[in-house]
Amino acid sequence: MRVEMKIHGIEGVLDTLHRLPKEVVSKRGGPVARSLGKGARFIRDRAKDNLRAQLQGSDESTGLLMKNVVASRGKAPHVGKGERYLVRVRRIAYPRRYKGRAHIVTTRKAAMWKEYGTSDQAATPWLRPAVQMHAMSAINMITADLKRRIDAEVMKLARKNSAATRL
């Protein structure tokens with residue numbers, strides 16, 4: 001269950017990022033990771049809204065799937081430098097209700113079954129529609145937040161450098 005969203009059209013912001021000193025882009029991600037995290041949390045919240053709407057009135061829902069839809073920082077891309085944030089479902093096993101059940105049901109399996117369906121259950125997508133409907137809003141949010149954070153970092157470094165030259 002993977003949907004990738006790449007942001008294009010912010011070359012000016014990326015150019016500014018390349019010119020910034022290493023303090024801005026740290027191991028903890030700096031402003032890029034925080035901005036991407038904000039966008040990922042926005043998509044996660046919309047996906048949870050979709051899931052909540054589908055689970056409404058369901059007698060079998062324990063709430064475990066809803067609690068385990070998270071936005072988390074992923075491994076950096078293999079090609080080049082960059083940051084990656086994921087909207088995913090944490091793998092937690094449901095408590096066994098029936099003894100002798102051959103397979104363990106996890107939150108990831110339940111999410112996959114809802115999203116894509118099974119031979120016995122029709123698909124009721126909740127994550128893909130959230131990404132498709134709110135992708136542009138998330139991209140605009142990430143871009144605006146990244147620009148604001150970079151401007152703040154540039155101003156902070158400029159103040160730091162001007163204070164150092166006065167000494």
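Mentor: Let's start with terms: helices (H or I, at least four residues) and strands (E, at least two) are DSSP runs, numbered from the N terminus. This is a predicted model, in which local features need pLDDT of at least 70 and side-chain atom pairs count only at pLDDT 80 or more, while totals for chains, interfaces and linings use all residues. Residues are numbered from 1 along each chain as its sequence is written, and side-chain values use heavy atoms, leaving out hydrogens and water.

Trainee: Which pattern does the protein follow along the sequence?

Mentor: Start with the inventory: the protein has five helices and two strands. Read in sequence order, these elements give α-α-α-β-β-α-α.

Trainee: Which residue with positive phi follows helix 2?

Mentor: Helix 2 covers 30-55. Its 26 residues should span 38 Å at 1.5 Å a residue (times one less than the number of residues), and its end C-alpha atoms are 37 Å apart, which agrees. After helix 2 comes a residue with a positive phi, near 85°, and that is Gly-57.

Trainee: Which helix gives the largest share of the largest nonpolar core?

Mentor: A nonpolar core is a set of buried (under 20% relative accessible area) Ala, Val, Leu, Ile, Met, Phe, Trp, Tyr and Cys residues joined through side-chain atoms within 4.5 Å. The largest one here has 11 residues, including Ala-47, Leu-51, Trp-126 and Ala-130. Helix 2, helix 3 (64-67) and helix 5 (127-166) each supply at least two of its residues. The largest share, three residues, comes from helix 2.

Trainee: Which side chain does Ser-35 join in a polar contact?

Mentor: Ser-35 is found in helix 2 and is buried, at a relative accessible area of 1%. A polar contact is a pair of N or O atoms within 3.5 Å; within protein, one must be able to donate a hydrogen and the other to accept it, and residues adjacent in sequence count only if both atoms are side-chain atoms. At 3.0 Å, the side-chain partner of Ser-35 is Asp-145.

Trainee: How far apart are the closest N and O atoms in the salt bridge of Asp-145 with Arg-148?

Mentor: A salt bridge puts a side-chain nitrogen of Lys or Arg within 4 Å of a carboxyl oxygen of Asp or Glu. Asp-145 and Arg-148 are three residues apart in helix 5, so about one helical turn separates them. Asp-145 is buried at 3% relative accessibility, whereas Arg-148 is partly exposed (from 20% to 50%) at 49%. Their closest N and O atoms are separated by 2.6 Å.

Trainee: Which residues are linked with Asp-145 in a network of salt bridges?

Mentor: The structure holds nine salt bridges. In the network, Asp-145 is linked with Lys-38, Arg-148 and Arg-149.

Notes
Buried means under 20% relative accessible area, exposed over 50%, partly exposed in between (1.4 Å probe, protein chains only).
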